[in-house]
Protein chains: 2
Amino acid sequence: MQIASPDLDLTLRALSSGDIRTAARLITFIERGTTGLTPLLQTLYRNGGRGRIVGITGPPGAGKSSLTNKLISVWRKQGLTVAVLAIDPSSPFTGGAVLGDRLRMMEHACDPGVFIRSMASRGQLGGLAKAAGDALTILNAMPWDIVLIETVGVGQNETDVMRHAEVVLLVQTPMGGDDIQAAKAGITEIGDIFVVNKADHPQADHTVRQLESMVALGNCLHPDRTWLPPVVKTQANSGEGVKVLTNHIDRRFVHLARNPEVAEKQSRERIRHRVGEILQQLLNQRMRSNGGGWLDEAIEPVVARKSDPYALAATLIERL
Amino acid sequence: MQIASPDLDLTLRALSSGDIRTAARLITFIERGTTGLTPLLQTLYRNGGRGRIVGITGPPGAGKSSLTNKLISVWRKQGLTVAVLAIDPSSPFTGGAVLGDRLRMMEHACDPGVFIRSMASRGQLGGLAKAAGDALTILNAMPWDIVLIETVGVGQNETDVMRHAEVVLLVQTPMGGDDIQAAKAGITEIGDIFVVNKADHPQADHTVRQLESMVALGNCLHPDRTWLPPVVKTQANSGEGVKVLTNHIDRRFVHLARNPEVAEKQSRERIRHRVGEILQQLLNQRMRSNGGGWLDEAIEPVVARKSDPYALAATLIERL
């Protein structure tokens with residue numbers, strides 16, 4: 001479906017005034033890979049950037065959705081409005097779990113200050129993170145104080161989703177020493193705050209100490225050397241530690257405001273990644289459009305095997 | 001591991017003379033994402049292109065590996081040497097099935113005229129098809145008459161793997177009418193020959209007729225309008241129909257030789273896709289290298305929200 005320009009203006013105004021149905025409709029379009037949304041997304045981007053974007057990720061079963069539910073409660077008590085974008089990985093195996101996750105947030109379903117939306121992106125190669133960025137552009141052009149983006153941290157695609165967030169919470173379940181090693185090798189470099197959920201678990205304190213020593217030893221690979229990622233213990237079911245967690249999130253935003261060179265570096269990094277994602281999608285379209293004339297002349301030496309695809313690709317990347 | 005240039009020459013000669021151990025070692029490097037292979041791959045590409053590349057794909061359980069096994073037998077009787085590259089999708093769920101598949105080809109394990117290698121590519125975002133292309137570059141610089149690339153046809157990644165092949169066999173299991181519809185929506189546009197395996201199944205003839213009428217009605221989306229994809233019924237366990245299948249493969253290669261404009265169009269399409277894949281990997285590296293100066297100036301208007309990531313990406317793609 002194409003969105004005509006009179007609609008564009010209407011849509012823009014609807015979103016600015018916080019119209020949830022418009023947002024939901026647009027996110028459905030993004031999910032379906034509807035074309036013609038780019039002019040709208042461009043306008044929204046240029047007029048957006050209102051709310052804080054917080055990311056929350058971690059392995060399946062870490063309690064991210066319960067924690068999200070409790071975070072919403074704390075923020076609502078502070079008078080803040082919250083939009084949640086839950087990104088479902090493109091796996092048929094997680095369908096049930098995701099449904100259950102959404103149910104955990106149902107207590108906020110009737111609160112007009114809360115918007116909860118899950119988004120799946122099946123069949124779009126590498127398109128999950130790009131689609132998440134588009135959806136965030138919509139939500140961030142609305143008057144939400146906080147936009148929370150949640151995803152299961154299992155692979156590169158999910159790490160890429162988290163790259164859209166300004167502050168990232170990495171939720172861990174209590175576990176043994178070797179598991180921490182495995183987690184370290186993964187996405188710890190993008191975690192601004194470590195959360196050990198299920199605080200009543202016998203291994204909880206052990207995990208907290210492991211993470212703390214990892215941070216202290218400089219092993220967490222956090223790109224901001226002026227920030228030591230805190231380790232927070234929570235119990236999402238009871239809400240224990242969640243208020244403390246929101247304080248740490250605030251502290252991180254204050255830290256970024258006081259260190260504009262760090263904030264700007266991170267912001268540029270996010271934009272660079274975003275541009276790269278959109279560029280990859282455009283490149284994909286070119287590759288799949290049965291040529292359409294793209295590279296027609298440039299590939300002749302490769303056809304003759306006087307050049308090769310690696311040399312041509314290297315030449316092309318230098319043009320960017 | 002870096003490959004130094006004296007090694008490069010040795011490696012080149014080893015592959016030209018058909019040294020299997022060198023090929024196996026290099027494919028392991030590709031699997032692991034080893035850097036520094038590009039100069040070698042470039043030289044191999046420019047000196048390669050010897051064997052025919054045949055692709056075989058289809059849903060899990062269609063009997064692709066049994067069929068491959070029997071195809072090898074027929075080709076070996078004709079005096080042809082065969083290399084098989086079996087691409088494993090990056091899923092932990094298929095591990096067992098893949099192992100079983102490989103076992104089905106074990107009867108050729110001691111034949112020096114046959115090389116069977118499986119390749120997995122876990123954790124490389126969109127890298128499976130690129131890695132397959134690299135491995136094919138190695139095998140195609142060796143004196144194999146036929147290089148067979150096999151993958152499970154379940155998604156975009158696997159379709160992309162098949163784009164490296166000159167002739168693609170699409171293996172189907174006997175099924176009801178609705179399933180054919182589902183298959184149609186998928187990757188039928190890349191199938192040059194349709195194979196209905198498990199010919200003794202009660203639904204086999206029904207499926208053959210369905211596919212034949214799909215082809216006759218022009219619904220198979222095959223890009224070469226001078227070719228009507230044949231539908232071949234096989235029974236991989238007994239070998240029934242496999243000789244007929246190899247005849248159809250030969251017929252397709254003869255057709256391409258007689259219609260050089262079609263062959264060249266397809267060859268250019270393969271190269272274009274290949275360049276795009278390598279370019280995507282290079283782009284990915286740029287996105288992940290924490291900037292490294294890439295786009296430093298270009299993103300300033302986006303930072304100021306006077307421009308947006310969509311506009312910048314659109315500008316960049318035009319440079320390619």
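Let's start with a helix: α6 of chain A, residues 127–139, lies across strands β1 (52–58), β2, β3 and β4 of chain A, and runs at about 165 degrees to β2(A). Helix α9 of chain A, residues 204–216, also packs on the sheet, where it touches β5 (167–172), β6 (193–196) and β7 of chain A. The direction of α9 makes about 165 degrees with that of β6(A). Keep in mind that this is a predicted model.

**The sheet underneath**

So what is the order of the strands in this open sheet of chain A? Reading across, you get β3-β2-β4-β1-β5-β6-β7, seven strands with parallel pairing. The edges belong to β3 (114–120) and β7 (231–233) of chain A, each of which pairs on one side only. On average, neighbouring strands of the sheet are turned by 20 degrees against each other, direction ignored.

For a closer look at one pairing, take β2 (residues 82–88) and β4 (residues 146–152) of chain A: they run parallel and are joined by six bridges. One residue to look for is V84(A), whose bridge partner in β4(A) is L148(A). In general, strands of a sheet pair through backbone hydrogen bonds, either parallel or antiparallel.

**Chain A as a whole**

Zooming out, chain A has 13 helices and seven strands. Of its 320 residues, 55% are buried. Chain A exposes about 13,300 Å², with 53% of that supplied by carbon and sulfur atoms. If you take the contacts in chain A between residues at least 6 apart in sequence, 79% of them join residues at least 24 apart.

**Two loop residues with positive phi**

Most residues other than glycine have a negative phi. Here are two that go the other way.

| Residue | Phi |
|---|---|
| R305(A) | near 55 degrees |
| L295(B) | near 65 degrees |

R305(A) sits in the loop between α12 (300–303) and α13 (309–318) of chain A. R305(A) counts as partly exposed because its relative accessibility is 28%. L295(B) is in the loop between α11 (260–288) and α12 (300–303) of chain B. Is L295(B) buried or exposed? With a relative accessibility of 7%, L295(B) counts as buried.

**How the two chains relate**

Chain B can be laid on chain A by a turn of 180 degrees and a shift of 0.0 Å along the axis, with an RMSD of 0.0 Å. That is the relation of a two-fold axis. Both copies use the same surface, as 100% of the contact residues of chain B recur in chain A.

Note on methods: Residues numbered from 1 in each chain as written. Chains lettered and ligands numbered in written order. Predicted model: local features only at pLDDT ≥ 70, side-chain atom pairs only at ≥ 80, totals over all residues. Heavy atoms only, no water. Helix = DSSP H or I, 4+ residues; strand = E, 2+ residues; numbered from the N terminus. Buried < 20%, exposed > 50% of the residue type's maximum accessible area, 1.4 Å probe, protein only. Contact = heavy atoms within 4.5 Å. Areas by Shrake-Rupley, 256 points an atom, 1.4 Å probe, with all protein chains shown as cover. Least-squares fit on C-alpha atoms with pLDDT ≥ 70 in both. Pairing = 2+ DSSP bridges. Axes fitted to C-alpha atoms, helices over the stretch in contact; angles between N-to-C directions.
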